[in-house]
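User: I have a structure open and want a quick walk through it. Can you take me from the inside outwards?
Analyst: Happy to.

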Amino acid sequence: MIAWSIFIPACFALNSAPGPNNMLAFANGARLGFGRAMLGGLGRMPAFALLILITIVGLGAVLAASATAFTIVKLAGAVYLVYVGIQFLRKARALAAAQSQETAVRPLMRRDFLIAISNPKAIAIFTAFFPQFIDASAPAWTQLAAMGGVFLLLEVAAVMLYVTAGTLIGKMLKSNRIFVQLNRLVGGVLIASGASMALSRQ
């Protein structure tokens, strides 16, 4: 039986880490308010569901075993993160000026999806983290599916946490200058995440 009392808090700690997707959710919450930011943040869910499925069928292990395959995926993800980060830096003022304007949800979801799907660390986490809780006396794939479902639910909670925090900050700090700095902060985090991913040897 899966040790849920250990898995759930450990998993939520992973979900709640201030990574690229969560920082984006925070910035969108501050800029756009809860509703659109929350919907935009759910764009990562299909990506994580796909990555969990890949892990369950064993391709995660293939990436872990193949240094070349993992390096290719890692560098592609790093390039995308740096690209999005640069866009945030370049358009910091424009994004801040557009904070009160209508912003379509679909582009927000697409950006969140692409950031999530381009991060091979997700597969690495699923491949290394989930097996620690597998009961050898029961079918592994059913346990992985159950843990994957719980992970996705906790990810929704993490999105809500960051969007709520961003929304509250956005209401308290109405200064356009603050939003410019926030966009630059998110851009810097994305670039740093991409650089860290590219330079990582694991």
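**Cores, salt bridges and pocket**

User: What is in the largest nonpolar core, and which residues have the most contacts inside it?
Analyst: This is a predicted model. Its largest nonpolar core has 19 residues. Those with the most contacts inside it are Phe7, Phe48, Phe126, Phe130, Met147 and Phe151.

User: Which helices supply at least two residues each?
Analyst: α1, α4, α9 and α10 each do so for this core. α10 gives the most, with five residues.

User: What does Phe48 touch, leaving out residues up to four places away in sequence?
Analyst: Phe48 touches Ala116, Ala122, Phe126, Phe151, Leu152 and Glu155. Of these, Phe126 and Phe151 are also among the core residues with the most contacts.

User: Which residues does the second core include?
Analyst: That separate core has 10 residues. Ala25, Val159, Phe179 and Leu182 are among them.

User: Is there a general reason to look for cores like these, or why do nonpolar side chains end up together?
Analyst: In soluble globular proteins, nonpolar side chains tend to be buried together.

User: Switching to charges. How many salt bridges are there?
Analyst: The structure holds two. In one, the side chains of Arg44 and Asp112 meet at 3.0 Å, N to O. Arg44 lies in helix α4 and Asp112 in helix α8, residues 105-117, so this pair ties together parts that are 68 residues apart in sequence.

User: And which side chain meets Arg44 in the other salt bridge?
Analyst: Glu155, at 2.7 Å, N to O. Glu155 is in helix α10 and Arg44 in helix α4, so here the parts tied together are 111 residues apart in sequence. Arg44, Asp112 and Glu155 are thus linked in a network of salt bridges.

User: Is Arg44 buried or exposed?
Analyst: Buried. Its relative accessibility is 0%.

User: What about Asp112, buried or exposed?
Analyst: Asp112 is buried too, with a relative accessible area of 2%. Glu155 is also buried.

User: OK, pockets. What volume does the largest one have?
Analyst: The largest pocket has a volume of about 410 Å³. Its lining has 20 residues. Leu14, Gly19, Pro20, Asn119 and Ile125 lie nearest the centre.

User: Which elements give two or more residues to that lining?
Analyst: α1 (4-15), α2 (20-32), α4 (44-57), α9 (121-129), α10 (140-172) and α11 (176-199). α9 gives the most, with four residues.

User: How do the lining residues divide into nonpolar, polar and charged?
Analyst: There are 11 nonpolar, six polar and three charged.

User: Now a couple of single residues. Where is Ala10, and is Ala10 buried or partly exposed?
Analyst: Ala10 sits in helix α1. With a relative accessible area of 27%, Ala10 is partly exposed, because buried means under 20%. The C-alpha atoms of Ala10 and Phe129 are 9.5 Å apart in space, while the two residues are 119 apart in sequence.

User: And where is Leu173?
Analyst: In the loop between α10 and α11. Leu173 is partly exposed, at 35% relative accessible area.

User: What is Leu173 in contact with, leaving aside neighbours within four places in sequence?
Analyst: Ile178 and Phe179. Phe179 is one of the residues in the second core.

User: What separates Leu173 and Ala30?
Analyst: Their C-alpha atoms are separated by 8.8 Å. Along the chain, the two residues are 143 residues apart.

How values were computed: Residues are numbered from 1 along each chain as its sequence is written. This is a predicted model: local features need pLDDT of at least 70, side-chain atom pairs count only at pLDDT 80 or more; totals for chains, interfaces and linings use all residues. Side-chain values use heavy atoms; hydrogens and water are left out. On a 1 Å grid over the protein atoms alone, a cavity is a set of points where a 1.4 Å probe fits but cannot get out, and a pocket is an open set with protein on both sides within 12 Å along at least five of seven lines; lining residues have an atom within 4 Å of a point. Grid points are joined across faces, edges and corners, and a volume is the space filled by probe spheres set on the points. Ala, Val, Leu, Ile, Met, Phe, Trp, Tyr, Cys and Pro count as nonpolar, Asp, Glu, Lys and Arg as charged, and the others, Gly among them, as polar. A nonpolar core is a set of buried Ala, Val, Leu, Ile, Met, Phe, Trp, Tyr and Cys residues joined through side-chain atoms within 4.5 Å. Buried means under 20% relative accessible area, exposed over 50%, partly exposed in between (1.4 Å probe, protein chains only). Contact means heavy atoms within 4.5 Å. A salt bridge is a side-chain nitrogen of Lys or Arg within 4 Å of a carboxyl oxygen of Asp or Glu.
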